[in-house]
Amino acid sequence: MQIHDLPYPDPGVPDARSGPRFLWWLGRSQLGGQLRALAWGLLHFASVSALPFCVGLAVQAVVDRSGRRLALTGGLLLLACAGNALGDTFLHRAAVTNWITAAARVQQLLARKAARLGSALTRRVAAGEVVAVSTGDVEKIGWFVEAVSRFTAAAVTVVLVCVALVVYQPALGVIVAVGLPALALTVLPLLPRATRRADVQREKAGRATELASDTVAGLRVLRGIGGEELFLDRYRRASQEVRHAAVRSARMWSLISAIQVLLPGLLLIAVVWHGVHLAREGRITVGELVTVYSSVMVLTYPLQHFQEIAMAYSFSRPSAKRAARVLSLERTTDPKKPVEPEGTERAAEPDGAGTGTVEHADAGGAGAWRTDTGTTVTPVDGAGADARSGGLYDPVTGLRAPAGRLTAVVCGDPDAAGRLAERLGGHPAEDGPGTSVLLDGVPLDGLSLDAARTAVLVQDKDPVLLSGSLRDLLDVPGSGDVTVEAALTAAQCADVLEALAQASLEAEDPMDVRITERGRSLSGGQRQRLALARSLVTDPGVLVLDEPTSAVDSHTEARIAEGLRGLRAGRTTVVLTSSPLLLDQADRVVLVHEGRVAAAGAHRDLMRADARYRSVVTRETDEERAVSEVLNDDGTPRIASAAGSAPEEDALRGALEEIEEKTA
């Protein structure tokens, strides 16, 4: 794999059981690049190590006054220099390629995992940690992967040179052969402590990154509540902790570096001292002494790679551990368990205005459903009449969104509404395996990821707008049946376009105006409407919207409700909202209370018949709801008009008096 061939067609399936296992898998996945770097590294280090032998032969040729040997040695020296230049150039090229391709592979794996998990990722792993893994950590992982081949080449070269020196001059070669491995092993006792300090530094740096990321994401809220200084102080303290940890780690690595400078120097002194005595006794020649001396000097270069591989591993191991933790996450739904819970209730689909009655679900089957890959998937047994009727069905809550209809869902708890929206899109919030949502009777998790994402699109209550022009923002895959203009009109974005045109003097077309990251230059209502337009352009088979108009004024919201109903006519749409303007446009309204479907029908019928629904939509207090349950519209007690008994009337009057005392 070369850099220009990126991205990978398939980054593979990683071994995410632990950080070291992940590093080992990554190295094996790039075996071709590792072997190329090893070959060029051997050429480079062998050429460098050959220089001392050439110098020693040249000196001995001068001493012996042999011009022929001097010329031959000059040719060998030229050949060694050429090999050094060639090997160094292509070693650097291969090492950088391994580094970049390894980092790119990890980033692709993380992007694929994020796409599979969706919004569940940031609930199970902090957003700052995901950012740290996908930026700084991938660089450290790539560093270790590319350093392995250079270290291997350096280690092989050291062994070969030691063997050559023993053969060339045994008296000095034995000292070098024993001393060099000892030099490489002297730092081993210090490595665990250095690694622990590096781990502490990386852990503190990761927490600081998480804090910074979360602070930036919630900066607007912090400004609104005056919490900027508080979080600034927290980040300042976290930053100082990182600095202190980095200084402690650097001290240990400085000690290791000092040892690797001191000990080779002592070895060199020992070799020269013993060599001079041997030369004075005539046991070795001057050329041999120069050769051994130069070899020891040159071998300090490959020895540096022993320290580098130790540093690379100590820094990449915690990074690989975090990456493996993210890559080991799996979707929590189980497509083998889409069985309708016992006692599920579903509301009968109303004709016209509807009645809002509740009845028990029956059992049955449904027709087959074909995925985008051509695989036929049959509906599960036990899905009930909801599966036969088509559309989207959630066995956990009993919610059914009929095909081709606009269904509104009312939840008293906004968090519960968000979890329901994510589950409808195949992103369950449960920690353990859950029950899959059914699409036309087929488990959504039983479909391929591409087919499921194409079939169901979820827009959460806080949609993200990526930086770029408005044209790029709305350039999303879609059916082609909904134009950008139609989507913008339905989402009531005319004033947004006008505001963008006035804010930019350079762009003539509002579609070319650049939107800042996450749409921070726009108001909350403008961001919501542009996000809604983007979702409408995709024109999915099932569109799930979670509070799409919570930041929009009522007049605009009414027009959006009409536009949404008109543009999505004949398409399955689920809107989680408590807005009466949207609820009144829905074909069917479902009330979800305490995690189960409590009532269903038309909005106006439910307002009259269901007190819980009315309290959520109108924001009734408990006292107001109690009064509405016992009084008629004219203020008279309901039980009195029904000719109730005297004890019942007395009990009613007592309840009313108690309510009046509480509200007084």
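## Arginine 322 in helix H10

Let's start inside a helix: arginine 322 is found in H10, which covers residues 286–327. The model here is a predicted one. Is arginine 322 buried or exposed? Its relative accessible area is 13%, and buried means under 20%, so arginine 322 counts as buried.

Which residues does this side of the story bring in? Leaving aside residues up to four places away in sequence, arginine 322 touches Glu129, Val133, Asp137 and Arg202.

## The chain as a whole

Stepping back, the chain contains 24 helices and 18 strands. It has 664 residues, of which 45% count as buried. The exposed area is about 32600 Å², and carbon and sulfur atoms supply 57% of that area.

For those who like contact maps, consider the contacts with a separation of 6 or more: residues 24 or more positions apart account for 76% of them.

## Helix H1 and its cap

Helix H1 spans residues 19–29, and its buried residues are Gly19, Phe22, Leu23, Trp25 and Leu26. Why do these buried residues line one face of the helix? Viewed down the axis of H1, they fall within an arc of 160°, so they share one face.

The N-terminal end of H1 has a cap, provided by serine 18. A side-chain oxygen of serine 18 lies 3.4 Å from the backbone nitrogen of arginine 21.

## Strand S16 and its neighbours

Strand S16, residues 572–576, is mostly covered, with 5 of its 5 residues buried. Both of its faces are covered: Thr572, Val574 and Leu576 are buried on one side, and Thr573 and Val575 are buried on the other.

S16 has parallel partners. Strand S8 (residues 406–411) is joined to S16 by 4 bridges and runs parallel to it; here leucine 406 stands opposite threonine 573. Strand S15 (residues 542–546) is also parallel to S16, and 5 bridges join the two. In that pairing, valine 542 stands opposite threonine 572. Together with helix H18 (residues 554–567), S15 and S16 make a right-handed β-α-β unit.

## Strand S17 and the hairpin with S18

S8 also pairs with S17, in the parallel sense and over 5 bridges. Within this pairing, valine 409 has valine 590 of S17 as its bridge partner. Strand S17 takes in residues 588–593, and 5 of its 6 residues are buried, so the strand is largely enclosed by the rest of the structure.

With strand S18 (residues 596–601), S17 pairs in the antiparallel sense, again over 5 bridges. Valine 592 stands opposite valine 597 of S18. The hairpin of S17 and S18 has 2 residues between the strands, and in it glutamate 594 takes a positive phi near 55°. If you are checking backbone torsions, that is a residue to look up.

## A separate look at the S7-S6-S10-S11 sheet

An open sheet of 4 strands has the order S7-S6-S10-S11, with antiparallel pairing. Which strands form its edges? They are S7 (399–401) and S11 (442–443), each of which pairs on one side only.

Strand S6 (residues 392–394) runs antiparallel to S7, and 3 bridges join them. In this pair, aspartate 394 has leucine 399 of S7 as its bridge partner.

How values were computed: Residues are numbered from 1 along each chain as its sequence is written. This is a predicted model: local features need pLDDT of at least 70, side-chain atom pairs count only at pLDDT 80 or more; totals for chains, interfaces and linings use all residues. Side-chain values use heavy atoms; hydrogens and water are left out. Buried means under 20% relative accessible area, exposed over 50%, partly exposed in between (1.4 Å probe, protein chains only). The arc is that of the directions from the helix axis to the C-beta atoms. A polar contact is a pair of N or O atoms within 3.5 Å; within protein, one must be able to donate a hydrogen and the other to accept it, and residues adjacent in sequence count only if both atoms are side-chain atoms. Two strands pair if DSSP finds at least two bridges between them. A crossover is right-handed if, with the strands pointing away from the viewer, the path from the first strand over the helix to the second runs clockwise. Contact means heavy atoms within 4.5 Å. Accessible areas come from the Shrake-Rupley method with a 1.4 Å probe; for residues, only the protein chains shown count as cover.
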